Amino acid sequence: MDLNSFSLLALWSATVLYALALIAFSLDLARRSSEVKEASAAQSAVATSAEQSVAQAGGGVAVKTRPVKPQSSEPAVTAKRSPSLRSAMALMVLGFLLHVAADVTRGIAAERVPWANLYEFVMTGTMLVVAVFLVVNIKVDLRYLGTFISLLVVSLLCMGTINFYVEVAPLPPALQSAWLVIHVFLATTAMGFLALGCALSVLQLIQARTEARRAALGELKLKFMATFPSAQRLENLAYRTVIVGFVLWTFTLIAGSIWAEAAWGRYWGWDTKEVWTFIIWVIYAGYIHARATKGWRGSRAAWLAIIGFGTVIFNFTVVNIFFNGLHSYSGL
């Protein structure tokens, strides 16, 4: 078995482990929902007992269950320790190690950095998305995003391996530059942080709607949301991750411009890829400005973060496949 075949086998193995992690993360969400039901039942029992006590005392005051409207950033229901969640994180780590092995062996087989075509870019990009997720979890507990991240990674890896796979090939002359390493590494790392920001923004919208309804625990449709932080906390976390991604994306633009001048003799040429990269930058710049503008914080800003990541995915897939230009290096 040559190195390229081993790389492909390791990548499929990593994909299987990520899929198993997705199942484990989903089981954790189901467990969280069960815990919220139990908390709701306990809350109702306390309320019923209180009503009976008031009735026996001759009073007429009704006692209602507490609505899910956290007064702090803490969840309305604290989730217990979860074997499925620990298993999911272990599977993500094991999958990541195999993913790294696949990426490294592909690079050794090609005798260059493994991101010269769309297949390799998907492989490296998803690896860095997982890396960002695992590293950020060391500082902040974002394991509840595991379902989103694992689903995204499994979907992209399956799409990339099945539809975009190409054999090892030498670099085109325009890509034979140290700026390839800098430019693409910055872009893929930025994608990891922007993916986290998108996931947090989606949860923020759901949580804000839940809090606005002021529903009791038993009335929640997505009961596991009661174990997540408040909408305000989710918004703050999304903002912090998007800021990091935005800074990296800014340096992506700068590095790309310097590389373009070295390769083609101009810093900017309105190529399709360059235009969409700038559009992404403008959207996230608008998001950061919106967070500082009265009336745009909250749901409106969250939608900008979600739209921004949608344009990132569009840029890395549709633009690379269907638009011809100087950046047409998909290898397809």
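**Note on an eight-helix predicted model**

1. Arg291 is buried, at a relative accessible area of 6%. The residue sits in helix α7. Beyond four places in sequence, Arg291 touches Glu235, Asn236, Tyr239, Arg297 and Ala301. The threshold for "buried" is under 20% relative accessible area, so the 6% of Arg291 falls within it. As with everything below, this comes from a predicted model.

2. Overall fold. The secondary structure of the chain consists of eight helices and zero strands. In sequence order the pattern reads α-α-α-α-α-α-α-α. Of the contacts in the chain with a separation of 6 or more, 81% are between residues 24 or more positions apart.

3. Burial and surface. The chain has 332 residues, and 50% of them are buried. Its exposed area is about 15600 Å², with carbon and sulfur atoms supplying 66% of that area.

4. Record annotation. An unreviewed UniProt entry lists "transmembrane region" for residues 6–27, 88–109, 121–138, 145–166, 178–206, 237–260, 275–290 and 302–323. Two of these spans can be set against the coordinates. Residues 121–138 are 100% helix and 0% strand, with their end C-alpha atoms 26 Å apart. Residues 178–206 are likewise 100% helix and 0% strand, and the end C-alpha atoms of that span lie 43 Å apart.

5. Nonpolar core. The largest nonpolar core has 84 residues, and the members that touch the most others are Tyr18, Met92, Phe133, Tyr144, Leu145 and Phe309. At least two core residues come from each of α1 (3–56), α2 (83–110), α3 (118–139), α4 (146–163), α5 (178–213), α6 (231–264), α7 (272–291) and α8 (299–322). Helix α5 gives the largest share, 15 residues. In terms of domains, the core draws at least three residues from domain 1 (1–42 + 83–167) and at least three from domain 2 (175–331).

6. Met92 and Phe25. Met92 is among the core residues with the most contacts to other members. Leaving out residues up to four places away in sequence, Met92 touches Tyr18, Ala21, Phe25, Val130, Phe133, Leu134, Ile149 and Ser150. Phe25, in helix α1, is buried at 2% relative accessibility. With the neighbours within four places set aside, Phe25 is in contact with Leu85, Ala88, Met89, Met92, Phe133, Arg143, Gly146, Thr147 and Ser150. Phe25 and Arg86 are 61 residues apart in sequence, while their C-alpha atoms are 9.1 Å apart.

7. Helix α4. What end-to-end distance should α4 have at 1.5 Å a residue? Its 18 residues should span 26 Å, because the expected span is 1.5 Å times one less than the number of residues. The end C-alpha atoms are 25 Å apart, in agreement with that value. The buried residues in α4 are Gly146, Thr147, Ile149, Ser150, Leu152, Val153, Val154, Leu156, Leu157, Gly160 and Thr161. Of these, Gly146, Thr147 and Ser150 are also among the contacts of Phe25, and Ile149 and Ser150 are among those of Met92.

8. Ala199. This residue is in helix α5, the helix that gives the core its largest share. Ala199 is buried, with a relative accessible area of 2%. Beyond its neighbours within four places in sequence, Ala199 is in contact with Leu145 and Phe148. The C-alpha atoms of Ala199 and Leu145 are 6.7 Å apart, although 54 residues separate the two in sequence. Leu145 is one of the core residues that touch the most other members.

9. Backbone angles to check. Which loop holds Glu111? Glu111 lies in the loop between α2 and α3, and its phi is positive, about 60 degrees, although the residue is not a glycine. Trp270, in the loop between α6 and α7, also has a positive phi, near 55 degrees, and is not a glycine either.

10. Exposure at those two sites. Are Glu111 and Trp270 buried or exposed? Glu111 has a relative accessible area of 74% and is exposed. Trp270 is exposed as well, at 62%. The cut-off for "exposed" is over 50%, so Glu111 at 74% and Trp270 at 62% both meet it. By contrast, Arg291, with which this note began, is buried.

Technical notes. Residues numbered from 1 in each chain as written. Predicted model: local features only at pLDDT ≥ 70, side-chain atom pairs only at ≥ 80, totals over all residues. Heavy atoms only, no water. UniProt positions renumbered as here; feature names shortened; annotations may be inferred. Helix = DSSP H or I, 4+ residues; strand = E, 2+ residues; numbered from the N terminus. Core = buried A, V, L, I, M, F, W, Y, C linked by side-chain atoms within 4.5 Å. Buried < 20%, exposed > 50% of the residue type's maximum accessible area, 1.4 Å probe, protein only. Domains from an automatic or database assignment. Contact = heavy atoms within 4.5 Å. Areas by Shrake-Rupley, 256 points an atom, 1.4 Å probe, with all protein chains shown as cover.
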